[in-house]
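Colleague: I should like to learn how features of a model such as this one are read. Please take me through them one at a time.

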Amino acid sequence: NITAKADYRLTPATKLSFSSLGMDTTENIPGFELFTRFGETLRHSLSLRYWQQDYRGQTTLTQTVTFKTFSFPVSSQLNSELGLRDTELRYAYEFWQGAEAKPRRRSAAWAIFGAKMLDLDTKLSSPTVGSAQEGASAPIPVLGLGGRVGLTNRLSLEAQAAGLALD
């Protein structure tokens with residue numbers, strides 16, 4: 001479950017989940033990735049990733065929501081919009097490679113270094129209270145680890161983990 005917290009100056013914030021705003025988060029998220037490996041032993045790689053998702057929801061509030069200078073009371077009809085855009089540039093270095101001669105079949109472990117630009121746009125509105133809108137952009141460092149187990153010339157299992165925490 002994804003949660004978001006909105007703070008605006010000294011106004012107390014309300015912690016919300018997408019489902020509490022009536023947003024459907026089961027849709028596919030469109031995006032793309034460009035990827036290349038280079039170097040004599042293909043230990044280096046660069047990737048550029050992008051994804052974008054727009055959520056909309058409508059609900060009757062079961063708690064008071066404070067956003068910016070607006071307070072949306074219990075039982076209010078609330079319309080919500082959230083736009084997320086994530087652009088990420090990653091460099092990875094394979095610090096361990098298995099002995100297999102064919103690169104596609106070679107097992108490996110790598111370190112990930114990069115940066116992402118996360119853009120958020122939020123709008124909450126109610127026919128009785130009015131509307132509030134906020135946007136933010138933040139560069140975020142990306143650090144992580146990855147690994148691959150080569151099974152055949154055309155099949156391998158791969159996993160990556162890169163950390164990011166928002167509160």
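Modeller: Let us begin with Lys116, which is buried, with a relative accessible area of 13%. The limit for that word is under 20%. Please keep in mind that this is a predicted model.

Colleague: Which residues are joined with Lys116 into one network by salt bridges that share partners?

Modeller: The network consists of Asp86, Glu88, Arg90 and Lys116. One of its links is the salt bridge between the side chains of Glu88 and Lys116, at 3.2 Å from N to O. Because Glu88 belongs to strand β7 and Lys116 to strand β8 (residues 108-126), this pair ties together parts that are 28 residues apart in sequence.

Colleague: How far apart are the closest N and O atoms of Glu88 and Arg90?

Modeller: They are 2.2 Å apart, and the two residues form a salt bridge. As to accessibility, Glu88 counts as buried at 5%, and Arg90 is buried with a relative accessible area of 9%.

Colleague: How many salt bridges are there by this rule?

Modeller: The count comes to eight. Among them is the one that Glu94 forms with Arg37, where the closest N and O atoms are 3.9 Å apart. A separation within 4 Å is what the rule asks for, so this pair is included. The pair links distant parts of the chain, as Glu94 is in strand β7 (residues 77-97) and Arg37 in strand β3, 57 residues apart.

Colleague: Are Glu94 and Arg37 buried or exposed?

Modeller: Glu94 is buried, with a relative accessible area of 5%. Arg37 is partly exposed, at 28%.

Colleague: These strands lead me to the sheet. How should one read a sheet, and what is the order of the strands here?

Modeller: In general, the strands of a sheet pair through backbone hydrogen bonds, either parallel or antiparallel. Here an open sheet of six strands runs in the order β3-β4-β7-β8-β9-β10, and the pairing is antiparallel. The edge strands, β3 and β10 (156-162), each pair on one side only. On average, neighbouring strands of this sheet are turned by 20° against each other, direction ignored.

Colleague: Over how many bridges do β9 and β10 pair?

Modeller: Strand β9 (residues 130-150) pairs with β10 over seven bridges, in the antiparallel sense. To follow one contact, take Leu145: its bridge partner in β10 is Ala161.

Colleague: My final topic is the aromatic rings. How is a pair described, and how many aromatic pairs does the rule give?

Modeller: A pair of aromatic rings is described by the distance of the centres and the angle of the planes. In this model the count comes to two aromatic pairs. In one of them, the ring centres of Phe32 and Tyr50 are 6.1 Å apart and the planes stand at 35°, so the pair is tilted. With Phe32 in strand β3 (residues 31-38) and Tyr50 in strand β4 (residues 44-60), the pair therefore ties together parts 18 residues apart in sequence. Phe32 is partly exposed, with a relative accessible area of 44%, and Tyr50 is partly exposed at 25%.

Colleague: Why is the pair of Phe70 and Phe72 classed as stacked?

Modeller: Their planes lie at 20°, with the centres 6.2 Å apart, so the pair is stacked; the limit for this class is under 30 degrees. Phe70 is partly exposed, with a relative accessible area of 25%, whereas Phe72 is buried, at 0%.

Conventions. Residues numbered from 1 in each chain as written. Predicted model: local features only at pLDDT ≥ 70, side-chain atom pairs only at ≥ 80, totals over all residues. Heavy atoms only, no water. Phe/Tyr/Trp six-rings, centres within 6.5 Å; stacked < 30°, edge-to-face > 60°. Helix = DSSP H or I, 4+ residues; strand = E, 2+ residues; numbered from the N terminus. Buried < 20%, exposed > 50% of the residue type's maximum accessible area, 1.4 Å probe, protein only. Pairing = 2+ DSSP bridges. Axes fitted to C-alpha atoms, helices over the stretch in contact; angles between N-to-C directions.
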